[in-house]
Amino acid sequence: MDSTLIKTLLESQERAYKSAMDTVVKQMNDRIMKLESTVSDLTTSLQFSQREIDDLKSTIKELGKEKQFIKVKIDQQAAVINSSKSEIESLEERCNYMEDYSRRNNIRISGVEEPSSGETWEQTAATVLSLLDDKLQLPGIEMERAHRVGQRRDAGPRPIVARFSRYSDREAVMRSARKLRGTKIYINDDLCAASQAIKNAQMPQLKQARAQGKVAYFRYTKLIIKESPVRGISRPRNETLTVGPGRTQGGAGVAAEDGGAQAPAAAVATAARVVAGADADSGGGEIVTSRPSHRERPEGVKERTRSKENIWV
């Protein structure tokens, strides 16, 4: 073969190979440029995301500080609320005490027949005075007023609230309430709704304790439960021991609650009475007796005066 032809063929193949390589190189360059552009875009996007992440971290940090501040404020408000709640409860207790104290000369009578046509306050007062005179043998009691309370119902007569001019008259009535045993008439303290609700809530415990032979009675709204006394052992004269409904042993001193707080007048009334039978509302009578005050002379007891005090003997 002629060398010229061979040389021509080699040059032709060289040009073809070079053209193919240029094409490949160009394609590679194009792809590399695209990749570089993509990487650049991704880098920009990552930088933007990083800035957003940094902003979010800063926001979260600020929110954390704000949360801590809010928590402190909430704790402070909770402390104020708790303090206000305690103060409100204390004020409610004081209001209940003052209301009960304002009723210290009152009694609540249940079971007294009520005319179907109704009655005036004067007629109600006359009914109460007749009850005191006939049933309790207490003539001459001075009563300020008496009226029915509650709405008329078919279930039975409405209770009567009677207010006496003197606290000693009220105590005399409470001491004579035992004479109503066997009747459907009950005499109880006139307490405010809150105090009465507290006592009513404890009535099942009182009944259960008495069923177990224990001593159970109320001192104002506080239920006192003691073990039954052992026969033959002397007790202080001012200790109340109640044995079942309708029976009492010994006297009951009216003392203040533990801690030195003075018991309200209603507590004195509760601890100083004997209720014949069970209260119409509570379902159980409160049987508690007490020694009378040195200012109140019991029936059949002689009075001896020494200096400015009345001594009952």
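How far is the sulfur of Cys192 from the closest cysteine sulfur, and in which residue does that closest sulfur lie? Keep the question in mind while the whole chain is on screen, and remember throughout that this is a predicted model.

Begin with the protein chain as a whole, shown as a cartoon, where 5 helices and 10 strands can be traced. Of its 313 residues, 30% count as buried, and if you switch on a surface, the accessible area comes to about 20,700 Å², with 53% of it belonging to carbon and sulfur atoms. Among the contacts in the chain with a separation of 6 or more, 55% are accounted for by residues 24 or more positions apart.

Now select Cys192 and Cys95, and display their side chains. The sulfur of Cys192 lies 9.7 Å from that of Cys95, which is the closest cysteine sulfur and is too far away for a bond, since a disulfide requires two cysteine sulfur atoms within 2.5 Å. The structure accordingly holds 0 disulfides, and Cys95 is in none. While Cys192 is still selected, note that this residue counts as buried, because its relative accessibility is 1%.

Next, select residues 121-134, which form helix 2, a run of 14 residues that reaches 20 Å from its first C-alpha to its last, close to the 20 Å expected at 1.5 Å a residue. Within this helix, colour Thr124, Ala125, Val128, Leu131 and Leu132, which are its buried residues. They lie on the same side of helix 2, because the arc they cover around the axis is only 120 degrees. An α-helix has 3.6 residues a turn, so residues three or four places apart point the same way. To see what covers these buried residues, add the surrounding elements to the selection, including strand 1 (106-110), strand 2 (143-148), strand 3 (160-164) and helix 3 (167-175).

From helix 2, follow the chain into the loop that leads to strand 2, and stop at Gln137. Its phi is near 55 degrees, a positive value in a residue other than glycine. Most residues other than glycine have a negative phi. Gln137 is partly exposed, with a relative accessible area of 44%.

For the last stop, select Tyr220, in the loop between strand 5 (215-219) and strand 6 (222-226). Here too phi is positive in a residue other than glycine, with a value near 60 degrees. Is Tyr220 buried or exposed? With a relative accessible area of 12%, Tyr220 is buried, whereas Gln137 is partly exposed.

Conventions:
Residues are numbered from 1 along each chain as its sequence is written. This is a predicted model: local features need pLDDT of at least 70, side-chain atom pairs count only at pLDDT 80 or more; totals for chains, interfaces and linings use all residues. Side-chain values use heavy atoms; hydrogens and water are left out. Helices (H or I, at least four residues) and strands (E, at least two) are DSSP runs, numbered from the N terminus. The expected span of a helix is 1.5 Å times one less than its number of residues. Buried means under 20% relative accessible area, exposed over 50%, partly exposed in between (1.4 Å probe, protein chains only). The arc is that of the directions from the helix axis to the C-beta atoms. Contact means heavy atoms within 4.5 Å. Accessible areas come from the Shrake-Rupley method with a 1.4 Å probe; for residues, only the protein chains shown count as cover.
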